[in-house]
Amino acid sequence: MRLNIGVIKGDGIGPEIVTEAMKVLDKVADAFGHECAYTQLLMGGASIDVNGVPLTDETIELAKKSDAVLMGSIGGDAKTSPWYKLEPSKRPEAGLLRLRKSLNLFANLRPAVLYDELKGACPLKEEITTGGFDMMIMRELTGGLYFGERSTKEVDGITYATDTLTYNEEEIRRIAKRAFDIAMKRRKKVTSVDKANVLDSSRLWRKVTEEVAKEYPEVALEHMLVDNCAMQLVKDPRQFDVILTENMFGDILSDEASMVTGSIGMLASASLNETKFGLYEPSGGSAPDIAGKGIANPIATILSAAMMLRYSFDLDAEADAIEHAVSEVLKAGYRTGDIMSEGKKQVGTSEMGDLICGYIK
Ligand code: NAD
């Protein structure tokens with residue numbers, strides 16, 4: 001299979017970590033008889049330096065022509081970088097927001113996986129996490145409270161601020177379908193999180209999710225109130241497979257879930273639209289403090305590349321091979337600085353990429 005992949009190396013540690021993910025993708029392609037065709041795209045600070053803007057129309061068109069886009073991270077140090085002297089719409093992050101909008105990426109997918117080898121980094125008690133956990137948070141990204149009408153006004157000398165939370169049934173249906181599709185590739189359970197005891201938007205969320213569930217008889221659907229979910233994530237994270245939720249609840253729950261896994265350098269992510277297309281990137285930023293030193297952890301980006309194989313190309317065995325290789329390297333005791341602990345062997349960015357390639361057969 002020929003995989004047409006757009007690549008945004010980005011800023012800071014972006015080029016270092018994306019280079020390792022490409023190395024791993026090439027190794028997998030070799031082992032499984034595929035061919036990766038990369039198109040390099042400029043976005044963020046790297047695009048400002050060349051084009052004067054963080055994202056050009058031409059780059060958007062090239063991204064749309066790709067089957068999927070793999071991205072490092074963008075942005076620099078807000079205090080020292082000249083990019084942050086520009087007006088907000090010309091800064092690196094504006095490019096990412098525009099790209100997400102242009103590609104209609106309405107579903108954000110963040111896995112929270114606790115590897116047994118890294119359980120020391122987990123702040124939860126050992127009896128809660130024995131055996132590790134592996135969940136996927138599916139967050140609606142383009143609707144809800146963050147995109148509703150808002151206003152601040154004064155009435156009779158008192159200031160009122162209003163935000164509105166609106167969803168229509170189509171917005172809910174399309175993300176619910178993506179969540180059930182993903183559950184079909186996993187342990188076949190969806191926990192839909194809402195506040196249906198209070199909010200109308202949540203009651204519609206629940207109704208539409210139940211309708212979609214009928215199309216997926218193999219997947220078990222449960223509903224959970226958001227306050228209970230926040231507690232269950234730290235009480236018994238092993239119960240979750242796919243968590244499906246709206247924008248604001250997902251914003252909070254996905255950060256909570258990632259904190260219980262340990263390092264930011266391990267956290268992959270994907271943003272999807274209605275097609276097979278996706279934008280795959282590590283959850284962390286461009287880490288200007290360690291850029292160019294060859295010490296960044298490339299695993300989040302490598303695991304994002306595995307997600308790309310699984311969800312944009314339906315190459316499950318190839319994605320499994322990458323995830324298995326990451327696990328083996330951790331088991332063998334290799335660590336980058338951010339996940340280093342006593343008695344382990346510290347390696348740099350490129351050596352970590354080589355080690356992971358070594359376990360792909
Ligand atoms: P950050 O995630 O870049 O860094 C926070 C801390 O985590 C730093 O100490 C950094 O060294 C460490 N870290 C992050 N990724 C790592 C990795 N792979 N390996 C080892 N250590 C790692 O967050 P920040 O410092 O708040 O932001 C820096 C820049 O990144 C800003 O310009 C911000 O806007 C941008 N940013 C971009 C994205 C994105 O591209 N999607 C996301 C978040 C932040």
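This is a short walk through a predicted model, going from helix packing to an aromatic pair and then to a few single residues.

**Stop one: α1 against α11**

Start by selecting residues 14-32, which make up helix α1, together with residues 316-331, which make up helix α11. Their axes come within 10 Å and cross at roughly 130°. That angle makes α1 oblique to α11. Turn the view until one helix lies over the other, and you are looking at a right-handed crossing.

Now show side chains. On the α1 side, pick Val24, Val28 and Phe32; on the α11 side, pick Ala317, Glu318, Ala321 and Ile322, since these are the residues that meet. Colour them by class and you get six nonpolar residues, no polar ones and one charged.

**Stop two: along α11 to α12**

Keep α11 on screen and add helix α12, residues 349-358. Here the axes come within 8 Å, with a crossing angle of roughly 115°. So α11 is roughly perpendicular to α12. This crossing is right-handed. To see what does the touching, select Ala325, Val326 and Val329 in α11, then Met352, Leu355 and Ile356 in α12. By class, the contact of α11 with α12 has six nonpolar residues, no polar and no charged ones.

**Stop three: an aromatic pair**

The structure holds two aromatic pairs, and we'll visit one of them, Tyr167 with Trp205. Are these rings stacked or edge-to-face? Their centres are 5.5 Å apart and their planes stand at 70°, so the pair is edge-to-face; planes over 60 degrees apart get that label.

Zoom out a little to see where the two come from. Tyr167 sits in the loop between β7 (158-163) and α6 (169-184), while Trp205 belongs to helix α7 (residues 200-213), so the pair ties together parts 38 residues apart in sequence. Switch on a surface and check both partners: Tyr167 is buried at 7% relative accessible area, and Trp205 is buried too, at 2%.

**Stop four: Arg173 in α6**

Next, select Arg173, in helix α6. Is this arginine buried or exposed? Its relative accessibility is 17%, so Arg173 counts as buried, the cut-off being under 20%. Leaving out neighbours within four places in sequence, show what Arg173 contacts: Val208, Glu211 and Val212.

**Stop five: Val18, back in α1**

Return to helix α1 and click on Val18. With 0% relative accessibility, Val18 is buried. Which residues does Val18 touch, once those up to four places away in sequence are set aside? Light up Val7, Ile8 and Lys9, then Leu70, Met71 and Gly72, and finish with Thr301. For a sense of scale, draw a line from the C-alpha of Val18 to that of Ala78: the two are 60 residues apart along the chain and separated by 22 Å.

**Last stop: Gly262**

Finally, go to the loop between α9 (247-259) and β11 (268-272), where you'll find Gly262. Its relative accessible area is 21%, so Gly262 is partly exposed. Draw one more line, from the C-alpha of Gly262 to that of Ala183, and you get 24 Å for two residues 79 apart along the chain.

Methods:
Residues are numbered from 1 along each chain as its sequence is written. This is a predicted model: local features need pLDDT of at least 70, side-chain atom pairs count only at pLDDT 80 or more; totals for chains, interfaces and linings use all residues. Side-chain values use heavy atoms; hydrogens and water are left out. Axes are lines fitted to C-alpha atoms, for helices over the stretch in contact, and angles run from 0 to 180 degrees between N-to-C directions. Helices (H or I, at least four residues) and strands (E, at least two) are DSSP runs, numbered from the N terminus. Angles under 35 degrees count as roughly parallel, over 145 as roughly antiparallel, 65 to 115 as roughly perpendicular and the rest as oblique. A crossing is left-handed if the near helix is turned anticlockwise from the far one by less than a right angle, and right-handed if clockwise. Contact means heavy atoms within 4.5 Å. Ala, Val, Leu, Ile, Met, Phe, Trp, Tyr, Cys and Pro count as nonpolar, Asp, Glu, Lys and Arg as charged, and the others, Gly among them, as polar. Rings of Phe, Tyr and Trp (its six-membered ring) pair if their centres lie within 6.5 Å; planes under 30 degrees apart count as stacked, over 60 as edge-to-face and the rest as tilted. Buried means under 20% relative accessible area, exposed over 50%, partly exposed in between (1.4 Å probe, protein chains only).
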